[in-house]
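Here are some short exercises to work through with the model open beside you. Try each task yourself before you read its solution.

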Amino acid sequence: MDESILKAWERLQEYVAACPHLGMEEWVILQSCYNGLTPMSCDHLDVAAGGAFFSKTVRGAVDLIEKIVSNMGWSEE
């Protein structure tokens, strides 16, 4: 989809909230989010992760995205 980190994460959170019965595992959500990002956004996540984004644990990856998203939201206000 070539989305920003903020837009991709918000969209995925909306899908998960709308369809909790699907029971998607967090790693699938993370992979879907990452694969929908622009190449630059993927690079930003990799740099923020200190290497490869997928070298993080699931909890570490979620925490990293949520931190980035909260900082993006702050800068847009």
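**Exercise 1. Decide whether Leu 12 is buried or exposed, and find what surrounds it.**

Step 1. Leu 12 has a relative accessible area of 7%, so this residue is buried. Here buried means under 20% relative accessible area, exposed means over 50%, and partly exposed is in between (1.4 Å probe, protein chains only).

Step 2. Before going on, a word on the source: this is a predicted model, where local features need pLDDT of at least 70 and side-chain atom pairs count only at pLDDT 80 or more, while totals for chains, interfaces and linings use all residues. Residues are numbered from 1 along each chain as its sequence is written, and side-chain values use heavy atoms, with hydrogens and water left out.

Step 3. Locate the residue: Leu 12 is part of helix 1. Helices are DSSP runs (H or I, at least four residues), as are strands (E, at least two), numbered from the N terminus.

Step 4. Leaving aside residues up to four places away in sequence, Leu 12 touches Ile 29, Ser 32 and Cys 33. Contact means heavy atoms within 4.5 Å.

Step 5. Leu 12 and Cys 33 are 21 residues apart along the chain, with their C-alpha atoms separated by 6.9 Å.

**Exercise 2. Describe how helix 1 and helix 2 pack.**

Step 1. Helix 1 covers residues 5-18 and helix 2 covers residues 26-35; their axes are 9 Å apart, at an angle of about 140 degrees. Axes are lines fitted to C-alpha atoms, for helices over the stretch in contact, and angles run from 0 to 180 degrees between N-to-C directions.

Step 2. That angle makes helix 1 oblique to helix 2, because angles under 35 degrees count as roughly parallel, over 145 as roughly antiparallel, 65 to 115 as roughly perpendicular and the rest as oblique.

Step 3. Now list the partners: from helix 1, Ala 8, Trp 9, Leu 12 and Val 16 meet Ile 29, Leu 30, Ser 32 and Cys 33 of helix 2.

**Exercise 3. Find which residues of helix 2 are buried.**

Step 1. Ile 29, Leu 30, Cys 33 and Tyr 34 are the buried residues of helix 2. They cover an arc of only 130 degrees around the axis, so they sit on the same side of helix 2. The arc is that of the directions from the helix axis to the C-beta atoms.

Step 2. A general rule helps here: an α-helix has 3.6 residues a turn, so residues three or four places apart point the same way.

Step 3. For contrast, look at Trp 27, also found in helix 2. Trp 27 is partly exposed, with a relative accessible area of 46%.

**Exercise 4. Explain why Cys 33 is not bonded to Cys 42.**

Step 1. Recall that a disulfide is a covalent bond between the sulfur atoms of two cysteines. The rule used here asks for a pair of cysteine sulfur atoms within 2.5 Å.

Step 2. The closest cysteine sulfur to that of Cys 33 belongs to Cys 42, 8.9 Å away, so it is too far for a bond. By this rule, the count is zero disulfides.

Step 3. Check their surroundings: Cys 33 is buried at 1% relative accessibility, and Cys 42 is buried at 12%.
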